[in-house]
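This report describes a single protein model for a reader who has not met it before. Please examine the sequence and the structure shown here before reading on.

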Amino acid sequence: FQSAYGTEPNVNTVSPQVGKELAKNAIIAIIIALAGILIYIAFRFEWLQGLSAIVGLVHDAFFIVALFSILRIEVDITFIAAVLTAVGYSINDKIVTFDRIRENMKWEENVKTFEQVVEITNKSLQQTLARSINTVLTVLFAAVALTFFGSEAILTFSIALLFGLLLGAYSSLFISAQLWAVLKGRQLKKQREQAIES
């Protein structure tokens, strides 16, 4: 091999100890990232939206891991990169949705009931729906192309990204915004009860 190609072949293996260390570091990195996202959204918007976004992100990451477990696909460094990429797209979608909700809340005066919160949430989702779908479809086309035509080395990344994009769009449209609406409705109800008592 040396005389034919001028190089020595090498084999890289990862021991179980190193694999455990990588998994531990990946979990720590994801927890730190989620905490940073929660702090950012809490300061930029409100803590209820931060909590709702984190629930959506945990949903995305959990189901990507679950799908890989069911399909028995090897989890490696590229998988972690794909999960973090999908989480990035997902949080971007959630921030756009919550930004629209915040703007619509400013236009409405005296939002005091759960029904008003639901109306604002639905209106905001309708306003951001086309943008969310277009963003996901644009990246989804690239992920599908990478899955079918890409190299074997990035197949894990492509599959995880494909699942992650779909799950991120789903959680942005159907989990985080609705969870915020429920939490905000409870908060408003509690504020009304305290006002009546005092």
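## Surface and charge

The protein exposes about 12,300 Å², an area obtained by the Shrake-Rupley method with a 1.4 Å probe. Carbon and sulfur atoms supply 65% of that exposed area. The model is a predicted one, in which local features need pLDDT of at least 70 and side-chain atom pairs count only at pLDDT 80 or more, while totals for chains, interfaces and linings use all residues. Residues are numbered from 1 along each chain as its sequence is written, and side-chain values use heavy atoms, with hydrogens and water left out.

The protein carries 16 positive and 16 negative charges, and their mean positions are 6 Å apart. In this count Lys and Arg are positive and Asp and Glu negative, with His and the chain ends not counted; each charge is placed at NZ of Lys, CZ of Arg, CG of Asp or CD of Glu.

## Overall form

The protein has six helices and zero strands, so its elements run α-α-α-α-α-α from the N terminus on. These elements are DSSP runs numbered from the N terminus (helices: H or I, at least four residues; strands: E, at least two).

The C-alpha trace spans about 85 × 35 × 30 Å along its principal axes. The radius of gyration is 21 Å, whereas a compact globule of 198 residues would have a value near 16 Å. This radius is taken over C-alpha atoms, and the globule rule is 2.2 Å times the number of residues to the power 0.38.

## The nonpolar core

Buried residues make up 35% of the 198 residues. Buried means under 20% relative accessible area, exposed over 50%, and partly exposed in between (1.4 Å probe, protein chains only). In soluble globular proteins, nonpolar side chains tend to be buried together. The largest nonpolar core here has 41 residues; such a core is a set of buried Ala, Val, Leu, Ile, Met, Phe, Trp, Tyr and Cys residues joined through side-chain atoms within 4.5 Å.

Ile 41, Leu 57, Ile 64, Ile 91, Leu 165 and Trp 180 touch the most other members of this core. At least two core residues come from each of α2 (16-44), α3 (47-71), α4 (77-107), α5 (114-149) and α6 (155-197). Helix α6 gives the most, with 13 residues. Beyond its neighbours within four places in sequence, Ile 41 is in contact (heavy atoms within 4.5 Å) with Glu 46, Gln 49, Gly 50, Ala 53, Ile 91 and Ile 95.

## Links across the sequence

Of the contacts between residues at least 6 apart in sequence, 74% join residues at least 24 apart. Val 136, in helix α5, counts as buried because its relative accessibility is 13%. Residues up to four places away aside, Val 136 touches Leu 165 and Ala 169. Val 136 and Leu 166 are 30 residues apart in sequence, and their C-alpha atoms are 7.5 Å apart.

Thr 156 lies in helix α6 and is likewise buried, at 13% relative accessibility. Not counting residues up to four places away in sequence, Thr 156 touches Phe 68, Ile 73, Glu 74, Asp 76, Thr 78 and Phe 79.

## Two loop residues

Arg 72 sits in the loop between α3 and α4 and is exposed, with a relative accessible area of 76%. The phi angle of Arg 72 is near 55 degrees, a positive value in a residue other than glycine.

Asn 110 belongs to the loop between α4 and α5 and is exposed at 58% relative accessible area. Asn 110 and Ile 70 are 40 residues apart in sequence and 48 Å apart in space, C-alpha to C-alpha.
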